[in-house]
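Please look over the fold shown below. The report goes through its sheet, its backbone exceptions, its charged pairs and its surface.

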Amino acid sequence: MDAASITVLILTTFFGLHPLERPDGAQLSQPLSRSPAYTQDAVTQATAVLLAQPARYDFGPVLMAAGKLTTRFQVTNVSDREVRLWDGYTSGSCTKAEVRFSDGTNLGPLIPRGYQFPQAYNRVVKPGESFEVVVEFDPAAHGLRGLGGRSQAVTLELLNAPRLDLVITAMVSLS
């Protein structure tokens, strides 16, 4: 094994980093995790590739003991080209998500990046195609440290378009 292969193996194994290569062998210009992000607030519908309805969801005031809460985002490819869903992850351990397509394909569970390697789903999303992102939030996951305002994101990484961040918020209290 040459030095470059050993370096890639070490980076992949210990740090969750991956070589900058797409499934078709072409090189990426930047790491997937550093692709530009957008939420629907920052990009107009005319320039968006994926349009989420809603783009943000606020659970409002919730009790820590209320149990896990769920919401759904409807995401549509509003561009005139195919995009490739490469990876997905959440911003914290209190949040899990799953991507559900109408053909029965499910991707996930999406969990924090540090808990899993990039998934390399390589799922094509055709122009006009929609899918659902089901997000589960556990207000008790962080114990007392999780009290107060919480904001979490579900990030969908695309190979040929900016990533999409779906945001959930909640105000967690004991009573």
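## A charged pair on strand 6

This is a predicted model. Glu98 has a relative accessible area of 22%, so the residue counts as partly exposed. Glu98 forms a salt bridge with Arg100, and their closest N and O atoms are 2.6 Å apart. Arg100 is partly exposed too, because its relative accessibility is 31%.

Both residues belong to strand 6, which spans residues 95-101. Side chains alternate along this strand. Lys96, Glu98 and Arg100 point to one face and are not buried. Thr95, Ala97, Val99 and Phe101 point to the other face and are buried.

## Overall make-up

The chain has 175 residues, and 40% of them count as buried. One helix and eleven strands are present. The order from the N terminus is α-β-β-β-β-β-β-β-β-β-β-β. The helix therefore comes before the strands.

Contacts reach far along the sequence. Among those between residues at least 6 apart, 68% join residues at least 24 apart. The chain exposes about 9300 Å². Carbon and sulfur atoms supply 55% of that area.

## The five-stranded sheet

Which strands form the open sheet, and in what order? Five strands take part, in the order 2-4-9-6-7, with antiparallel pairing. Strand 2 and strand 7 stand at the edges. Each has a single partner strand, so one side of each is left without a neighbour in the sheet. Neighbouring strands are turned by 20 degrees against each other on average, direction ignored.

Strand 6 has strand 9 and strand 7 as its neighbours in this order. With strand 9, strand 6 pairs in the antiparallel sense over seven bridges. Thr95 stands opposite Phe137 of strand 9. With strand 7, strand 6 makes three bridges, again antiparallel. There, Val99 has Leu107 as its bridge partner. Thr95 and Val99 are both among the buried side chains of strand 6.

## Turn and backbone exceptions

Most residues other than glycine have a negative phi, and most peptide bonds are trans. Several places in this chain deserve a check against that background.

Strand 6 and strand 7 form a hairpin with four residues between them. In the turn, Gly104 has a positive phi of about 95 degrees. Asn122 also has a positive phi, about 55 degrees, although this residue is not a glycine. Asn122 is found in the loop between strand 7 and strand 8, the latter covering residues 123-125. Its relative accessibility is 26%, so Asn122 counts as partly exposed.

Two cis peptide bonds involve prolines. One joins Gln53 and Pro54, with omega about -10 degrees. Pro54 lies in the loop between strand 2 (50-53) and strand 3 (56-63). The other runs from Gly108 to Pro109, with omega near 10 degrees. Pro109 is placed within strand 7, residues 106-110. Strand 7 is one of the two edge strands of the sheet.

## Salt bridges

Side chains of opposite charge can pair when their charged atoms come close. How many salt bridges does the structure hold? The structure has seven.

One of them pairs Glu132 with Arg72, with the closest N and O atoms 3.1 Å apart. Glu132 lies in strand 9 and Arg72 in strand 4 (residues 69-77), so the pair ties together parts 60 residues apart in sequence. Strands 4 and 9 are adjacent in the sheet order. Glu132 is partly exposed because its relative accessibility is 21%. Arg72, at 44%, is therefore partly exposed as well.

Asp165 and Arg163 form another salt bridge, at 3.7 Å from N to O. Are these two residues buried or exposed? Asp165 is buried, and so is Arg163. Elsewhere, Asp103, Arg123 and Glu129 are linked in a network of salt bridges.

## A nonpolar patch

Leu144, Leu147 and Leu174 make a nonpolar surface patch of about 300 Å². Leu144 sits in the loop between strand 9 (130-137) and strand 10 (148-158). Its relative accessibility is 62%, so Leu144 counts as exposed.

Technical notes:
Residues are numbered from 1 along each chain as its sequence is written. This is a predicted model: local features need pLDDT of at least 70, side-chain atom pairs count only at pLDDT 80 or more; totals for chains, interfaces and linings use all residues. Side-chain values use heavy atoms; hydrogens and water are left out. Patches are made of residues with over 30% relative accessible area and no salt bridge: like charges are joined within 9 Å, nonpolar side chains (Val, Leu, Ile, Met, Phe, Trp, Tyr) within 5 Å. Accessible areas come from the Shrake-Rupley method with a 1.4 Å probe; for residues, only the protein chains shown count as cover. A salt bridge is a side-chain nitrogen of Lys or Arg within 4 Å of a carboxyl oxygen of Asp or Glu. Buried means under 20% relative accessible area, exposed over 50%, partly exposed in between (1.4 Å probe, protein chains only). Two strands pair if DSSP finds at least two bridges between them. Contact means heavy atoms within 4.5 Å. Axes are lines fitted to C-alpha atoms, for helices over the stretch in contact, and angles run from 0 to 180 degrees between N-to-C directions.
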